Amino acid sequence: MKLKTQVLYVSGTGNTEKVAEAIYQAIPGFSKDIKKLDSCFEKYAADTYFVGFWANRGSASVEVLDFLSSLHGKSVALFATCGMGEDPEYYKKIEKNVTAFLPEDNYYLGSFFCHGKMPIKVRQRYEHMAARNPDSRVFQMLRNFDEALLHPDRKDLENARHFVANVFQKAQGNLSR
Ligand SMILES: Cc1cc2nc3c(=O)[nH]c(=O)nc-3n(C[C@H](O)[C@H](O)[C@H](O)COP(=O)(O)O)c2cc1C
């Protein structure tokens, strides 16, 4: 079935899934669908894609990169959650690493990033590091971990919905040129 807009995402612990649902709700019209990337059997039926992922070692997981590299002639927006919070420079780097996989015959609509909580074992690792070498960097990592526990929060989801509105404005401009 032909679709206007498809939200496809991967989410290990639910953060990206929350953002995906907010994004899906904000997409105008009825010709839209939301699925986990690995359970979507008809991945190429839409014109516009919102592809969501969690930051994985400065990039996205292989299944996301593989999917992006298989897209041609589509409009594509990205969204992601990251353990690292409120760091536009860092988000830009991840965006660059991921969009490198998107073929140039697609129309890129931009990205939305927000903070996402991490498993408690990450904090335990930081605590061990702090005990061995109590420098300011590791305390910053602990602070970042604790801030992440609240995310994605209501404001993040609201920002995600604004992002969708901007994407559609931009897409409209592209159509009318
Ligand atoms: C193996 C692994 C690698 C990660 N790498 C990064 C990273 O490079 N940068 C970052 O900001 N967060 C990183 N994180 C944190 C996750 O991206 C973050 O917690 C995200 O919100 C998880 O989303 P999810 O709940 O949808 O799985 C990593 C997490 C895991 C498990």
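Which residue in E2 is the bridge partner of Leu-8? Keep that in mind while you load the model, which is predicted: local features need pLDDT of at least 70, side-chain atom pairs count only at pLDDT 80 or more, and totals for chains, interfaces and linings use all residues. Numbering starts from 1 along each chain as its sequence is written.

**The sheet**

Select strands E1 to E5 (strands, E, at least two residues, and helices, H or I, at least four, are DSSP runs numbered from the N terminus). You get an open sheet of five strands in the order E2-E1-E3-E4-E5, with parallel pairing; strands pair if DSSP finds at least two bridges between them. E2 (32-36) and E5 (107-115) are at the edges with a single partner strand each, so one side of each has no neighbour in the sheet. On average, neighbouring strands are turned by 15° against each other, direction ignored; axes are lines fitted to C-alpha atoms, for helices over the stretch in contact, and angles run from 0 to 180 degrees between N-to-C directions.

Now add H3 (residues 88-99), which packs on the sheet, touching E4 (75-82) and E5, and its direction makes about 135° with that of E4. Contact here puts two C-beta atoms, placed from the backbone, within 7 Å.

Zoom in on E1 (residues 3-9) and E2: they pair in the parallel sense over five bridges. There's your partner for Leu-8: Lys-35.

**Helix H1**

Next, pick residues 15-26. Twelve residues at 1.5 Å each should span 16 Å, and the end C-alpha atoms are 17 Å apart, which agrees; the expected span is 1.5 Å times one less than the number of residues. Colour the buried ones, among them Val-19, Ala-20 and Ile-23 (buried means 20 or more other C-beta atoms within 10 Å of a residue's own, exposed 12 or fewer, partly exposed in between, with C-beta atoms placed from the backbone).

**Around the ligand**

Show the ligand. Of the 17 residues around it, Gly-12, Thr-16, Trp-54, Gly-83 and Gly-116 come nearest, where near means a C-beta atom, placed from the backbone, within 6 Å. H1 and E4 each supply at least two residues of this shell.

**Loop stops**

Go to Arg-57, in the loop between E3 (46-54) and H2 (62-69). Its phi is near 50°, positive in a residue other than glycine, and with 8 C-beta neighbours inside 10 Å Arg-57 counts as exposed. Glu-86, in the loop between E4 and H3, also isn't a glycine yet has a positive phi of about 45°.

Finish at Pro-152, between H5 (136-148) and H6 (154-176): the peptide bond from His-151 is cis, with omega near 0°.
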